[in-house]
Amino acid sequence: MTPNPILGCGIGLRFQHIDQILADKPPIPWLEILSDNYLTPGSVQQDYAIEVAEYYPVTLHGVGMSLGATEPFNDEYFQRLKSLADQVRPAWISDHLCWTAAHGWVSHDLLPLPYTEETIKHVVQRIREAQDRLERRLVIENVSSYLQYQESYLSEWEFLSAVAEEADCKLLLDVNNIYVSAFNHDFDPCKYLDSIPIERVQQFHLAGYEDKGTHLLDTHGQPVSDPVWGLYKLALQRFGALPTLIEWDNNIPSLEELLAEAHKATEAHIHAFA
Amino acid sequence: MMQNKQIITATLMAIGLSAALSVANAEDKKVETEKCAGIVKAGMNDCGANGHSCAGKAAKDNDPAEWITLPKGTCEKITGGTVVKE
Amino acid sequence: MPLLELQHSLIAALFQRDQLAEAAKFVKAQGSLSSEQRVGIYRNSAHGILLDYLESLYPVCLELVGTEFFGRTAHSFIDQMPPTRPFLADYGADFAAYLSAHPALQEMLWIVEVAKLEWARHAAWHTVNQVASDFTQLETLSAEQQAELRFQLPASAQLLSAHSPIHSIWLAHQDEYPDKPQFDEIDLEEAQQVLIFREQRRLHQTTLSPDDWAFLNAVQNQATMADLAEQFADQLPWLFSVAMQENWIYSFTTTPDETKPTRNS
């Protein structure tokens, strides 16, 4: 059986809402499951994810693959992710263009890469290996960042585009992350969008950031900001009305409020071409 | 005092009876356990890494006073505050 | 390889404050933030994510000691014992042991016992139970096989024996629990034995009588039916009845446990 198509604007599945979703089955175009929180085989969490996937089209979104790391992949992580995927049959699996493990430690936070030709080669080989292990094409997301490395000489959009082309993977453009990084590193977010190969983009993310004065922080703790809605409209015009997902992880609102935010994205789909 | 063999026989009878009863009462039991102490929804936490950044809570790193900070939560209610041993 | 060196340096700075300056050498200074401050944003973020997680694992301990004490202790715990696996749910098991070494808690070790209970709850949520046995099959066994029977609690079961009333303290901090005990009326000297286990999407947490606790402990230690008959004598049928009705015993095995040394007869 092929998974249901992912269309329109969905929300990230959060535990606070699972009971309500399973009881009321509200109309939600699709749900993104944070794979890392459902990786224990046979756990209650996984049990819930499987039930949700019976009623809604789902994608799996992860933070722990550590695609940019230099140490070998964690075999158990891939086994568990594959087993979860076998059960919830996601339309696709995504993770981030970043690293989370080194020196035997795991950050559980998304750490940026230096943007060089050498890193491109390394990451491309890693993404290919991950795609082979999971037997499917991956969708890779750009991260928010708060620093740039001395050795970086490529722009993030050059780096991201080259990785996608050479690894032959898809892209999840997080519009909020582009805006946050553009502010933090003083580049033009429109130029970023205009440089990404159109046919590579599979999905958008939207979330709220927190303004810390000296920098913007990608906290996923509030509604999507107005400038990000503006940038999103430009993204829709360039890449088309692609599936979009609202992420909310801090001060998680009611399901109704979260769905209202997704509805705003749907409205943007309608008006982007008006 | 029963011999071990008799105890085992009696125990197996008790197990058999309980097994039969638990099948028959499966439905009633669900309702009853709802009221049992300790069945509280708390505990299944979804707090994980999820791709967001955190502002942190202004950790005062390597503050030498760290180890003599006193607990100031509800524990004071029943211990009346605590004294740190020198 | 330069990338390896860069990553070692940066992750070291996340979990060791004195490595911030070293990691900052890889980073550009931009605008009003120095390169060290930029690495510091990541140190704060990584710590913040793990602190939020520990707070969600140990909510009663958090209330007991207050946010400031909890935060400081958690921050030093994170630096001392950073995560080593990509599965966040595995992180934090050592937190109770870490608390037990804290000078300010030496007179309040009952808080450490509450932390152990909170971890046991988390562990039970994440443990998958074995397939339940059909106990009606026991009748078909020979007398020898019956004597050699061993029983198992659900795999998610956690047996805790505490010097303090951990179950009552925990309950007193549950807002949604209607008949909860008043926290300031709890006698801290009262020892409690607690069983926690999961049944599908439900977590059970209950105090045990000393007899039930001793019985379940013996079962957990893989005592045979003959051992149990020896130890509990004519109490045994009753202990089993209660345990079966409460679903404390999930399965049995007839083959001898080879992990235990065989007895000389």
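Ala241(A) touches Leu236(A), His269(A) and Phe273(A), leaving aside residues up to four places away in sequence. In this predicted model, Ala241(A) sits in the loop that links α8 (226-239) to β12 (244-246) of chain A. Is Ala241(A) buried or exposed? The answer falls in between: Ala241(A) has a relative accessible area of 46%, and because buried means under 20% and exposed over 50%, Ala241(A) counts as partly exposed. The loop also brings distant parts of the chain into view, since Leu7(A) is 234 residues apart from Ala241(A) in sequence, while their C-alpha atoms are 9.1 Å apart in space.

From that loop, you can step into the barrel of chain A. Here 8 strands close up in the order β1-β2-β3-β4-β7-β8-β9-β12, with parallel pairing. From one strand to the next, the twist averages 30 degrees. If you would like one pair to look at in detail, take β8 (residues 170-174) and β9 (residues 201-206) of chain A, which run parallel and are joined by 4 bridges. Within this pair, Asp174(A) stands opposite His205(A) of β9(A).

Two helices can be followed from here. Helix α4 (residues 117-134) of chain A packs on the sheet, where it touches β4 (93-96) and β7 (138-141) of chain A. The direction of α4(A) makes about 140 degrees with that of β7(A). Helix α8(A), which leads into the loop of Ala241(A), packs on the sheet as well, touching β1 (9-12), β8, β9 and β12 of chain A. Its direction makes about 170 degrees with that of β9(A).

Chain A also holds a hairpin, made by β5(A) and β6(A) with 2 residues between them. Strand β5 covers residues 99-102 and strand β6 residues 105-111, and they pair in the antiparallel sense over 3 bridges. Ala102(A) has Trp105(A) of β6(A) as its bridge partner. In the turn, have a look at the backbone of His103(A), whose phi is positive at about 60 degrees.

Next, let us turn to chain C. An open sheet of 3 strands is found there, in the order β2-β3-β4 and with antiparallel pairing. Its edge strands are β2 (158-162) and β4 (202-208), each of which pairs on one side only. Neighbouring strands are turned by 20 degrees against each other on average, with direction ignored. Strand β2(C) pairs with β3(C) over 5 bridges, and Leu159(C) stands opposite Leu195(C) in β3(C). On the other side, β3 (residues 192-199) and β4(C) pair over 7 bridges, with Leu208(C) as the bridge partner of Gln193(C). How many residues of β2(C) are buried? The count is 4 of its 5, and the strand is mostly covered. Helix α10 (residues 210-220) of chain C lies across β2, β3 and β4 of chain C, running at about 135 degrees to β2(C).

Finally, consider the empty space inside. Rolling a probe the size of a water molecule over the atoms shows where such space is left. The count comes to 5 cavities of 30 Å³ or more, and the second largest has a volume of about 60 Å³. Which residues line the second largest cavity? From chain A come Asp109(A), Leu110(A), Val143(A), Ser144(A), Tyr146(A), Asn177(A) and Asp218(A), from chain B come Gly51(B), His52(B) and Ser53(B), and from chain C comes Tyr42(C). The lining divides into 4 nonpolar, 5 polar and 2 charged residues.

Notes: Residues are numbered from 1 along each chain as its sequence is written. Chains are lettered from A and ligands numbered from 1 in the order in which they are written. This is a predicted model: local features need pLDDT of at least 70, side-chain atom pairs count only at pLDDT 80 or more; totals for chains, interfaces and linings use all residues. Side-chain values use heavy atoms; hydrogens and water are left out. Two strands pair if DSSP finds at least two bridges between them. Axes are lines fitted to C-alpha atoms, for helices over the stretch in contact, and angles run from 0 to 180 degrees between N-to-C directions. Contact means heavy atoms within 4.5 Å. Buried means under 20% relative accessible area, exposed over 50%, partly exposed in between (1.4 Å probe, protein chains only). On a 1 Å grid over the protein atoms alone, a cavity is a set of points where a 1.4 Å probe fits but cannot get out, and a pocket is an open set with protein on both sides within 12 Å along at least five of seven lines; lining residues have an atom within 4 Å of a point. Grid points are joined across faces, edges and corners, and a volume is the space filled by probe spheres set on the points. Ala, Val, Leu, Ile, Met, Phe, Trp, Tyr, Cys and Pro count as nonpolar, Asp, Glu, Lys and Arg as charged, and the others, Gly among them, as polar.
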